[in-house]
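Student: I am new to this one. Can we go through it term by term?

Tutor: Gladly; here it is.

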Amino acid sequence: MIRKVLIANRGEIALRIVRACQELGVRAVAVYSDADAQAPHVREADEAVHIGPAPASESYLRGDHLIAVAKQVGADAVHPGYGFLSEREWFARAVRDAGLVWIGPPAEAIAAMGSKTAARTLAISAGTPVVPGTTEPLRDAAEAAATAARFGYPVLLKAAAGGGGKGMRVVREESEIAGALASAQREAKNAFGDDAVYVEKYIEGPRHVEIQVLADAHGNCIALGERECSIQRRHQKMVEEAPSVAVTPELRQRMGDAAVAAAKAAGYVNAGTCEFLLDRHGNFYFLEMNTRIQVEHPVTELVMGIDLVQWQLRIASGERLPFTTSPEPKGWAIECRITSEDPANGFLPSTGRIAHLHLPSGPGVRWDGGIEVGSVVGLSYDPMLAKLIVFAPTREAAIARMERALKELVIDGVETSREFHLRVMADADYRAGRVDIQWLESRLPTLLAQQAPRETRQAAAIAAALLADRDRGSRRTGTPSGGSATVPGHTNGAPAPAGVAGSWAQLARLENLRRG
Ligand code: MV4
């Protein structure tokens, strides 16, 4: 049995893991850099250990140090979260070699899925459909041309060690292939220290649909339905849903079986995700397997009614899965990744101190966050501040609920993606489910044109903060200081002095604007 877990991560996922530990009666040990001394994941954990300066390379990425800390505090297991060291084979191995339980898949499964060509070979051996293409690296331009001709243009050159789109080149005709091969190899060498590049048929305009799997150490492996992840920009997902409008129960069954077969071929244990491309004709192709808990896991939790992070701990403790067949999703869940980025400014990361924060709540709303008032948002880590997740009986109701929750949300102090997410929710294509992996980037001009100027948005957030503060003040004193302003949700009391009342009215107009 696991009694104490060291959480080798930060932010919202560290807090998410703390919560799972506490509900299971397991002690949670947080670690923190200089930048995170006051962070919520540190305060909520049962213990916390300082691990170094802000740069991740000197704190959250120091694997050997993290293992030493785990031993020191008497932890018996390590949870890596996502990002950082979560998919480093050597770290999983070092944790195991230190006599600690690794809350994740075996190091061998991480290694097998780490190489895209090895993952393709495994999938093929399991009978899981992959995109037509090769599994051997290309030797030269002549071989590239011959192979591309065999599969037919357009083709996609991909780095064998790849991921995140690095070392990838679309080639539409033979005249481009030599140049594309050279640049893909150069980029792959720089990014991964390995210049191996192979060929796939290029699939035009597919959706990105992934299947959650859960495997125990006793040979049971089940699929937990799909997530629709097509709404992404530069390989960063912005909105995820479960289920997908494009997946029928029959397709879900086939994709689930294919994912389970691939996971079993890799000797997979714990939570993992098989990524697929789904084309317009309903054909699906295995791309790769993510050997970690993913950012978007909550949408699966909500429609499947299970706690994936708790199951990660239970599986690592040797528990058996209680089901042998895949459950069907119930209802609809949508997640918006709330980032400290300014969509109006090329999604430039925004920094600052959270001055005011009002979190949405009410029916079907979940906030997985890592910030609070006073949090300093810097540039040392990923700009994702939190995930806003909603759950409702139908997709239409879930979209309405997300719009309502985004309107309730106030973050003052940094630029965020909140308004942008409101525009996505209002978009006709999005509402009709007409999206693919190119949709968001092609729709950006339209979505950005609807955005209010930055000054207006900032002023509106400040207005919300002032109105909230006024309402708190009137509750404390029992003598409302408000004026004649009427804002839904903001009760106003007795008339205020004339000049002040006018200011409140202006603030109220700004607040209405903020709510879209
Ligand atoms: C593809 C593809 C089209 N055809 N493979 C992007 C990163 C890596 N995980 C695989 N990727 C893709 N592989 C073939 N044969 C299109 C993409 C792709 C993509 C995939 C999933 C989610 C977002 C994407 C954005 C651009 C390209």
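Tutor: We take the ligand first and the sheet second, and the model is a predicted one.

Student: What makes K158 a polar contact of the ligand?

Tutor: The cut-off is a pair of N or O atoms within 3.5 Å. A polar side-chain atom of K158 lies 3.0 Å from a nitrogen atom of the ligand. That pair therefore counts. E200 also qualifies, with a polar side-chain atom 2.9 Å from a ligand nitrogen. K201 uses a polar backbone atom, 2.7 Å from a nitrogen of the ligand. The protein covers 89% of the 520 Å² of accessible area that the ligand has on its own.

Student: Which residues are closest to the ligand?

Tutor: K158, E200, K201, I203 and E288, out of 17 that surround the ligand. By class, the shell has eight nonpolar, four polar and five charged residues.

Student: How do you know that the ligand lies between domain 2 and domain 3?

Tutor: Both domain 2 (104–131 + 204–330) and domain 3 (135–201) give residues to the shell, so the ligand lies between them. Strands 6, 8, 12 and 13 each supply at least two shell residues.

Student: Now the sheet. Why are strand 3 and strand 5 said to stand at the edges?

Tutor: The open sheet has five strands in the order 3-2-1-4-5, with parallel pairing. Strand 3 (47–52) and strand 5 (101–102) each have a single partner strand, so one side of each is left without a neighbour in the sheet.

Student: What makes strand 4 and strand 5 a pair?

Tutor: Pairing needs at least two bridges. Strand 4 (residues 77–79) and strand 5 have two bridges, in the parallel sense. They therefore pair. A77 has V101 of strand 5 as its bridge partner.

How values were computed. Residues are numbered from 1 along each chain as its sequence is written. This is a predicted model: local features need pLDDT of at least 70, side-chain atom pairs count only at pLDDT 80 or more; totals for chains, interfaces and linings use all residues. Side-chain values use heavy atoms; hydrogens and water are left out. A residue is near a molecule or strand if one of its heavy atoms lies within 4 Å of it. A polar contact is a pair of N or O atoms within 3.5 Å; within protein, one must be able to donate a hydrogen and the other to accept it, and residues adjacent in sequence count only if both atoms are side-chain atoms. Accessible areas come from the Shrake-Rupley method with a 1.4 Å probe; for residues, only the protein chains shown count as cover. Helices (H or I, at least four residues) and strands (E, at least two) are DSSP runs, numbered from the N terminus. Ala, Val, Leu, Ile, Met, Phe, Trp, Tyr, Cys and Pro count as nonpolar, Asp, Glu, Lys and Arg as charged, and the others, Gly among them, as polar. Domain bounds come from an automatic or database domain assignment.
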